[in-house]
Amino acid sequence: MSTIRDDKLAQIFGGDKTNSRFENWLWIFLNMLNPRLNSDEYGPKIRKKMADILENEPQFKIAAINYANNGFLPDIYLTWITDDERQVKWLTGYFCSILNCNKNLMPTLLTGRDRVISLIDALNTDNRSKLNIIENAKSAWNVQQEKDRIFDWFKNDEEDERCQFAWIWIRDHTHYQIQHGPAVRNISDLIQLFEQIAQNEDWIELSIEKIKLAWRQRKYRQNMIGKKQYNFVLSENTVYLLDGLSKKYDLSRAEIIEVLIKAEAEKETYITEKIRKRNILLD
């Protein structure tokens with residue numbers, strides 16, 4: 001439930017209008033007209049400063065009142081906007097581009113979906129046109145999410161490890177200066193990193209393929225610890241049987257051979273029997 005305040009700002013616009021959403025919009029609105037508020041100036045205390053700016057700048061006051069009288073879009077049209085960190089960053093960039101404003105100058109404490117909605121409210125157009133802009137933004141966001149399928153390889157039980165490996169690879173194999181940036185913790189962080197540094201979609205796809213190759217090579221080296229390579233000459237029939245077992249149990253040839261050797265070493269079943277039969281024939 002919105003809090004109705006009785007202060008200088010409420011007297012200018014009417015107390016039933018000046019809720020937190022209104023404050024967020026007015027902050028953006030005033031700074032777009034003539035930047036006077038620092039990004040760390042935000043919250044209830046800023047209401048007086050914004051009211052003073054309006055009183056000292058009559059043209060701003062008239063413009064703000066006229067704009068506020070049009071009202072904001074009902075939240076029912078904004079329910080698809082969430083507090084998801086990546087969506088907020090993406091939509092912030094999207095709407096800042098439309099508004100031609102610097103997203104880095106927005107209030108530091110204005111976060112989540114409230115940040116996005118404040119930018120939507122600041123669009124200098126009627127609500128019908130805003131609805132069209134919002135629908136376009138929603139469609140663009142859905143398209144962006146479809147493109148995220150290229151990151152599906154990272155989504156498994158090793159997600160955190162794979163994402164951190166990708167961050168290290170980017171740090172060590174590209175010219176981007178991210179050594180002092182925050183390490184990637186999950187796939188959301190990784191996608192945001194690529195969006196920040198990507199030259200184009202082809203570059204992202206090529207980089208991910210290189211990361212996957214480097215990952216497989218590392219895993220192969222790890223799996224080779226304590227192992228040596230040997231070459232065997234097997235009969236064609238034995239190779240046929242080996243391939244059949246490999247396909248049946250979805251294991252590599254090397255894994256099948258290793259299982260059989262370990263089983264025989266433990267139970268001494270087949271080789272002992274073979275030697276016994278051979279000795280009988282020789283007697």
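Are Trp153 and Phe154 buried or exposed? Select the two residues: both are buried, where buried means under 20% relative accessible area, exposed over 50%, and partly exposed in between (1.4 Å probe, protein chains only).

Before the tour continues, some conventions apply. The model is predicted, and local features need pLDDT of at least 70, side-chain atom pairs count only at pLDDT 80 or more, and totals for chains, interfaces and linings use all residues. Residues are numbered from 1 along each chain as its sequence is written, and side-chain values use heavy atoms, with hydrogens and water left out.

**Stop 1: aromatic rings**

Select Trp25 and Tyr67. Rings of Phe, Tyr and Trp (its six-membered ring) pair if their centres lie within 6.5 Å; planes under 30 degrees apart count as stacked, over 60 as edge-to-face and the rest as tilted. By this rule the count comes to 15 aromatic pairs. One of them joins Trp25 and Tyr67, which are stacked with 5.3 Å from centre to centre and 10° between the planes. Trp25 belongs to helix H2 (residues 20–33) and Tyr67 to helix H4 (residues 58–69), so this pair ties together parts that are 42 residues apart in sequence. Helices (H or I, at least four residues) and strands (E, at least two) are DSSP runs, numbered from the N terminus. Trp25 and Tyr67 are both buried.

Return to Trp153 and Phe154. Their ring centres are 5.0 Å apart and their planes stand at 80°, so the pair is edge-to-face. Extend the selection to Phe151, Phe165, Phe194, Trp203 and Trp215: together with Trp153 and Phe154, these residues form one aromatic cluster.

Next, add Arg162, which lies over the face of Trp153 at 4.0 Å from the ring centre. A charge sits over a ring if NZ of Lys or CZ of Arg is within 6 Å of the ring centre and within 35 degrees of the ring normal.

**Stop 2: salt bridges**

Keep Arg162 and add Glu158. The two form a salt bridge, with the closest N and O atoms 3.5 Å apart; the term denotes a side-chain nitrogen of Lys or Arg within 4 Å of a carboxyl oxygen of Asp or Glu. Arg162 counts as buried at 10% relative accessibility, whereas Glu158, at 25%, counts as partly exposed.

How many salt bridges does a search of the whole structure find? The search finds 19. Another of these joins Asp52 and Lys8, at 2.8 Å from N to O. Asp52 lies in helix H3 (residues 46–56) and Lys8 in helix H1 (residues 8–13), so the pair ties together parts 44 residues apart in sequence. Lys8 is partly exposed, at 35% relative accessibility. Add Lys48 to the selection: Lys8, Lys48 and Asp52 are linked in a network of salt bridges.

Then select Lys147 and Glu201, whose side chains meet in a salt bridge of 2.6 Å, N to O. Lys147 lies in helix H7 (residues 127–147) and Glu201 in helix H10 (residues 201–223), so the pair ties together parts 54 residues apart in sequence. Lys147 is partly exposed at 38%, and Glu201 is likewise partly exposed at 48%.

**Stop 3: cysteines**

Select Cys101 and Cys96. A disulfide is a covalent bond between the sulfur atoms of two cysteines; here the criterion is a pair of cysteine sulfur atoms within 2.5 Å. The whole structure contains zero disulfides. Cys101 is in none, and the nearest cysteine sulfur, that of Cys96, is 3.4 Å away. Cys101 counts as partly exposed at 22% relative accessibility, while Cys163 is buried at 0%.

**Stop 4: positive phi values**

Move to Asn100, in the loop between helix H5 (85–99) and helix H6 (112–121). Asn100 is not a glycine, yet its phi is positive, at about 60°. This residue is exposed, with 72% relative accessibility.

Asp250 lies in the loop between helix H11 (236–249) and H12. The phi of Asp250 is near 55°, a positive value in a residue other than glycine, and Asp250 is exposed at 69%.

**Stop 5: helix H12 and a long distance**

Select residues 253–267, helix H12: its 15 residues reach 21 Å from the first C-alpha to the last, close to the 21 Å expected at 1.5 Å a residue. The expected span is 1.5 Å times one less than the number of residues. Just after H12, Glu268 takes a positive phi of about 50°.

Finally, select Glu236, in helix H11, which is exposed at 73% relative accessibility. Glu236 and Glu146 are 90 residues apart in sequence and 48 Å apart in space, C-alpha to C-alpha.
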